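Grab the model and work through the exercises below. Try each task yourself before you read its solution.

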Amino acid sequence: MSKGKSFLYGFFVGGVVAGAAALITAQARNGNVLKKTRCNLHKLENIFGDLKSDGKSLKKQIAQSAKEGLQIAKEVAADVNRSIQAWQLEIDPNKKNLELHVKEIKDKLTELEDQIKKERN
């Protein structure tokens with residue numbers, strides 16, 4: 001049994017035992033004690049009902065928040081993906097231009113090496 005349930009059962013049993021002890025040792029008339037006990041029992045039932053209702057409401061809110069969080073995460077991921085694609089499109093012309101310049105430099109170096117070899121021979 002989980003700690004939370006054990007605590008609640010212990011709390012409830014302790015309350016019942018304390019109530020019984022109070023009834024046994026009470027100096028008031030039985031009718032008055034029973035009336036107060038019924039009233040307190042009704043209040044306790046209302047409190048437990050409210051706790052149950054609040055727990056269900058909290059559970060729904062947590063589930064809804066988790067759904068919304070997941071949706072937001074998906075939207076952010078899609079936005080990041082679109083930004084990366086846009087950035088790649090922006091740099092593509094520069095990338096091609098740089099590749100062309102590198103090829104030209106390699107060709108000129110090869111040409112220069114050939115020319116140096118011819119001059120040595």
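What follows is a set of short exercises on this predicted model, each with a worked solution.

**Exercise 1. Overall form**

Task: Work out how many helices and strands the protein has, and decide whether it is spread out or compact.

Solution:
- Start with the secondary structure: there are two helices and zero strands.
- Now take the radius of gyration, which is 40 Å, whereas the globule rule gives 14 Å for 121 residues. The value is well over the rule, so the protein is more spread out than a compact globule.
- Check the C-alpha trace too: along the principal axes, its span is about 130 × 30 × 20 Å.
- Finish with burial. Just 1% of the 121 residues count as buried.

**Exercise 2. Surface and charge**

Task: Find what share of the accessible surface belongs to carbon and sulfur atoms, then find how far apart the centres of the positive and negative side chains lie.

Solution:
- The accessible surface comes to about 11,400 Å². Carbon and sulfur atoms hold 61% of that.
- For charge, count 22 positive side chains and 15 negative ones.
- Take the centre of each set, and you get two points 23 Å apart.

**Exercise 3. The nonpolar patch**

Task: Say which residues make the nonpolar surface patch, and which element gives the largest share.

Solution:
- The patch covers about 810 Å² and is built from Phe12, Val13, Val16, Val17, Leu41, Leu44, Ile47, Phe48 and Leu51.
- Next, assign elements: α1 (3–25) and α2 each give two or more residues to the patch.
- The largest share, five residues, is from α2.
- Pick one member to test. Leu41 sits in helix α2, and it counts as partly exposed because its relative accessibility is 47%, between the 20% and 50% cut-offs.

**Exercise 4. The positive patch**

Task: Name the lysines that gather in a patch of positive charge, and decide whether Lys59 is buried or exposed.

Solution:
- The surface patch of positive charge brings together Lys52, Lys56, Lys59 and Lys60.
- Place Lys59 in its element: helix α2, which runs over residues 30–120.
- Its relative accessibility is 64%, so Lys59 counts as exposed.

**Exercise 5. Salt bridges**

Task: Find how many salt bridges the whole structure has, then go through the pairs and see how each one fits on the helix.

Solution:
- A search of the whole structure turns up three.
- Asp79 and Arg82: their side chains meet with N to O at 2.1 Å. The two residues are three apart in helix α2, so about one helical turn separates them. Asp79 has 39% relative accessibility and therefore counts as partly exposed.
- Asp92 and Lys96: here the closest N and O atoms are 3.5 Å apart. Both residues lie in helix α2, with a spacing of four residues, about one turn. Asp92 is partly exposed because its relative accessible area is 29%, while Lys96, at 51%, is exposed.
- Lys103 and Asp107: the closest N and O atoms of this salt bridge are 3.2 Å apart. Again you're in helix α2, four residues apart, about one turn of the helix. Asp107 is partly exposed, with a relative accessible area of 42%.

Technical notes. Residues are numbered from 1 along each chain as its sequence is written. This is a predicted model: local features need pLDDT of at least 70, side-chain atom pairs count only at pLDDT 80 or more; totals for chains, interfaces and linings use all residues. Side-chain values use heavy atoms; hydrogens and water are left out. Patches are made of residues with over 30% relative accessible area and no salt bridge: like charges are joined within 9 Å, nonpolar side chains (Val, Leu, Ile, Met, Phe, Trp, Tyr) within 5 Å. Accessible areas come from the Shrake-Rupley method with a 1.4 Å probe; for residues, only the protein chains shown count as cover. A salt bridge is a side-chain nitrogen of Lys or Arg within 4 Å of a carboxyl oxygen of Asp or Glu. Lys and Arg count as positive and Asp and Glu as negative; His and the chain ends are not counted. The place of a charge is taken as NZ of Lys, CZ of Arg, CG of Asp or CD of Glu. Buried means under 20% relative accessible area, exposed over 50%, partly exposed in between (1.4 Å probe, protein chains only). The radius of gyration is taken over C-alpha atoms; the globule rule is 2.2 Å times the number of residues to the power 0.38.
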